[in-house]
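User: I have a model open at the bench and would like to see how its labels are earned. Could you take me through a few of them?

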Amino acid sequence: MRNIKLFSFRLALTLLLTLVSISACASTSSSPSNPSLYHDFIEKMVVEHQFNRDELTTLLNKSVVKESILKAMSSPAEKRLEWHSYRNIFLKPNRINGGIKFWKENKDLLDAATEKYGVPAEIIVAIIGVETRYGGNTGSYKVLDALTTLGFHFPKRAKFFQRELEHFLLLCREEGFDPYEPKGSYAGAMGKSQFISSSYRAYAVDGDGDNKRDLWNSQADIINSVANYFSRHGWKNTDLVTQQTNVTGDAYKTLLNRSLKPKNTLKQLAEHQVQTPPNLADDTIVRLLELKQKDQSEFWLTFHNFYVITRYNHSHLYAMAVYQLGQEIKKGFINNA
């Protein structure tokens, strides 16, 4: 009888330890950090940027490897979507109305940013709307965890994310951030505008004059930083972004390519039976874009400024969502003025 009780106790203990182990894996989604994994990176930061070796080693060893981040990076959902599905995510009434509200609340800041940088208010607002729903979701991952996970456990883009980790640590030192604190996306993008660390350092500006660049809480910093980003990437003060068009026959297919940058002239498009605007010069450089709706394709001419939007996110679907959301917000703002 005693042996049966002992066996039952051991069985129960084994089951309990198993459940605890499973629970721990599920809750942390991590594996133990390997100090040697960080050695070369730490030495680089010490030699090139005079970081304290012991403090940086302690910091990196406290980071957590997130399996959910690796899974998201390996199979990003947006790459599996056609335009009709992608559009429905962002062109919803609540996001349009949220943009109108954001514009009304920050009109003076947006007017000043447009005047200074030449970037339309609707583009600035739409970027913030697409990225975080005007600050409603700025990300729940610790940026330190995201960048160490991808920098040291995602070989495909390890060099890129190690550089972003380098920028993040320098950013924290420059701005006085505690590296444990900032949270962002699974790829380490931060704030209402979702700047990665290198972009934060290069393009974020102090819009409110407090000697800080706060992309979480300062609307002036956020708005001016987005405008500065577009200005620095070559936004032109013109209404030409994209126009819908029509095609005849199949000759247009030879003009379709993966490049986001406009490379064909309107004359070349016309020669391939693509309808072109009569008010634009034949040598205007454009790209022909085909977007998939549920039952048919639609065709768009994209200009230089459309390409500039893709510098924020290298996707024509993203750029079109920003443009169309911005147009809907602008329409609603004007009608409610």
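User: What makes you say that H15 lies across S3, S5 and S6?

Analyst: H15 runs at about 95° to S5 and lies across S3, S5 and S6. Axes are lines fitted to C-alpha atoms, for helices over the stretch in contact (heavy atoms within 4.5 Å), and angles run from 0 to 180 degrees between N-to-C directions. This is a predicted model: local features need pLDDT of at least 70, side-chain atom pairs count only at pLDDT 80 or more, and totals for chains, interfaces and linings use all residues. Residues are numbered from 1 along each chain as its sequence is written, and side-chain values use heavy atoms, with hydrogens and water left out.

User: How do you know that S5 and S6 pair?

Analyst: Pairing takes at least two DSSP bridges between two strands. Strand S5 (residues 285-292) and strand S6 (residues 297-302) have six, in the antiparallel sense, with Leu288 opposite Leu301 in S6.

User: Why is Gln324 called buried?

Analyst: Buried means under 20% relative accessible area, exposed over 50%, and partly exposed in between (1.4 Å probe, protein chains only). Gln324 has 11%, so buried is the right word. Gln324 sits in helix H15 (residues 316-335), and beyond its neighbours within four places in sequence it contacts Trp83, Arg87, Leu91 and Trp300.

User: And why is Glu131 called partly exposed?

Analyst: Glu131 has a relative accessible area of 23%, so it is partly exposed. Glu131 belongs to helix H8 (residues 121-132), and UniProt lists it for "active site" in an unreviewed entry; such annotations may be inferred rather than shown by experiment.

How values were computed. Helix = DSSP H or I, 4+ residues; strand = E, 2+ residues; numbered from the N terminus.
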